[in-house]
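Here is a single protein chain to explore. Take a moment to turn it around before reading on.

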Amino acid sequence: MAGQQPLTISTVDYHAGGEPFRIVSEPPVAIEGATVAERRVFALADPDVDNLRKLLCSEPRGHADMYGGFITPPDDEGAHLGVLFWHKDGFSTACGHGSIALAAWAVHTGLVERDPSGTTTVVIDVPSGRVTLHVRTDGEKITGIDFVNVPSYRLAEQVTLATSLGDVTVDIAYGGAIYAHLDAAGVGLAVTPEHYTDLIAIGREVKWALNDTEYARHPADDRLSGIYGTILYDDLGADADGNPHQRNVAVFADGQVDRSPCGSGTCSRVAVLAATGTLKPGRTLVHDSIVGSRFTARIAEELTADGHQSVIPVVTGTAYRTGEHRFELDPDDDLGTGFVLR
């Protein structure tokens with residue numbers, strides 16, 4: 001419309017383990033719902049919320065592997081904030097690296113007052129439930145962040161499916177989102193940048209082969225159903241202390257690649273390794289990413305959840321602020337909310 005002013009959106013950007021997270025503290029659109037889970041359902045169907053996602057995620061303001069979140073009110077007074085996670089293909093149920101970034105942001109901005117003890121607790125409502133983060137500080141410096149996730153568990157083991165690389169066998173596990181787990185060596189690959197394109201291709205193939213099957217069904221909340229991604233992993237044996245050491249890449253949504261070791265994916269990995277006895281309470285999973293960044297993870301508690309033997313995983317990493325943006329959408333811009341080249 002002639003004379004219409006540009007739409008402006010302010011963001012603060014972080015990365016955790018190399019994976020970006022774009023924070024929108026004041027989304028300029030209504031995101032309706034009484035809970036974060038309800039707001040996600042609303043966002044999936046609402047063109048205004050979806051256009052805001054596209055604007056901030058797509059080129060020329062973002063890229064095919066961009067990630068971010070819209071801050072929302074928490075479900076109740078028990079949490080400090082809520083968040084609606086987004087990526088190039090929509091809105092996800094969980095995001096561990098994003099939760100770590102949000103905890104750093106909450107402490108940096110004073111949204112959550114820094115505890116003089118050196119450990120500040122940040123509680124966040126996400127679509128898959130309520131998560132807790134413990135931000136460790138030394139003066140003004142954040143030295144580490146522990147992400148305590150929702151109960152996580154293996155849904156299925158040794159599921160065989162046909163792919164273009166032959167038959168493969170995967171485990172399927174929930175860690176706030178549902179992932180298929182595939183040994184990269186089993187398809188002749190390694191989790192290295194040299195295999196980037198092939199890892200994406202098989203990751204997408206496995207996801208879509210399973211996404212509409214009973215293996216992708218969440219046992220208690222159908223809003224959490226669907227294979228969010230494929231975790232391809234290299235087993236690197238044990239570290240000097242006898243802890244399991246693995247390298248992984250999560251190929252999520254429709255071909256996005258997590259640069260970090262993947263927070264919710266690491267939780268899903270902990271669930272698989274706990275079920276096989278590879279990771280026991282008191283031990284630590286050393287979890288590396290395709291770019292060489294590292295999270296560590298441990299089992300905080302064993303319990304039963306949603307009818308499954310489960311664990312509460314704790315993933316440790318940190319996040320760094322990368323900048324601030326003031327994005328604009330000119331009403332005369334013929335590219336509108338942008339495009340994605342993939």
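What follows goes from the whole chain to its largest pocket.

This is a predicted model. Start with the building blocks. The chain's secondary structure comprises five helices and 18 strands. How compact is the chain? Its radius of gyration is 19 Å, and the globule rule gives 20 Å for 342 residues. The two values are close, so the chain is as compact as a globular protein of that length. Along the principal axes, its C-alpha atoms fill a box of roughly 60 × 50 × 40 Å.

Now look inside. Of the 342 residues in the chain, 55% are buried, with under 20% relative accessible area. Contacts also reach across the sequence. Take those between residues at least 6 apart: 63% of them join residues at least 24 apart.

Then turn to the outside. The chain has an accessible surface of about 14100 Å². Carbon and sulfur atoms account for 47% of that surface.

Next comes the largest pocket. It holds about 320 Å³ of space. Which residues lie nearest its centre? They are Arg40, Lys207, Ser225, Ile227 and Tyr228, out of 20 residues that line the pocket.

Where in the chain does this lining come from? Several elements supply at least two residues each. Two are helices: α1, at 36–45, and α4, at 196–210. Two are strands: β5, at 90–91, and β12, at 227–238.

The lining is mixed in character. Nine of its residues are nonpolar, seven are polar and four are charged.

Notes: Residues numbered from 1 in each chain as written. Predicted model: local features only at pLDDT ≥ 70, side-chain atom pairs only at ≥ 80, totals over all residues. Heavy atoms only, no water. 1 Å grid on protein atoms, 1.4 Å probe; cavity = no way out; pocket = protein on both sides within 12 Å on 5 of 7 lines; lining within 4 Å. Points joined across faces, edges and corners; volume = space filled by probe spheres on them. Helix = DSSP H or I, 4+ residues; strand = E, 2+ residues; numbered from the N terminus. Nonpolar A, V, L, I, M, F, W, Y, C, P; charged D, E, K, R; others polar. Rg over C-alpha atoms; globule rule 2.2 N^0.38 Å. Buried < 20%, exposed > 50% of the residue type's maximum accessible area, 1.4 Å probe, protein only. Contact = heavy atoms within 4.5 Å. Areas by Shrake-Rupley, 256 points an atom, 1.4 Å probe, with all protein chains shown as cover.
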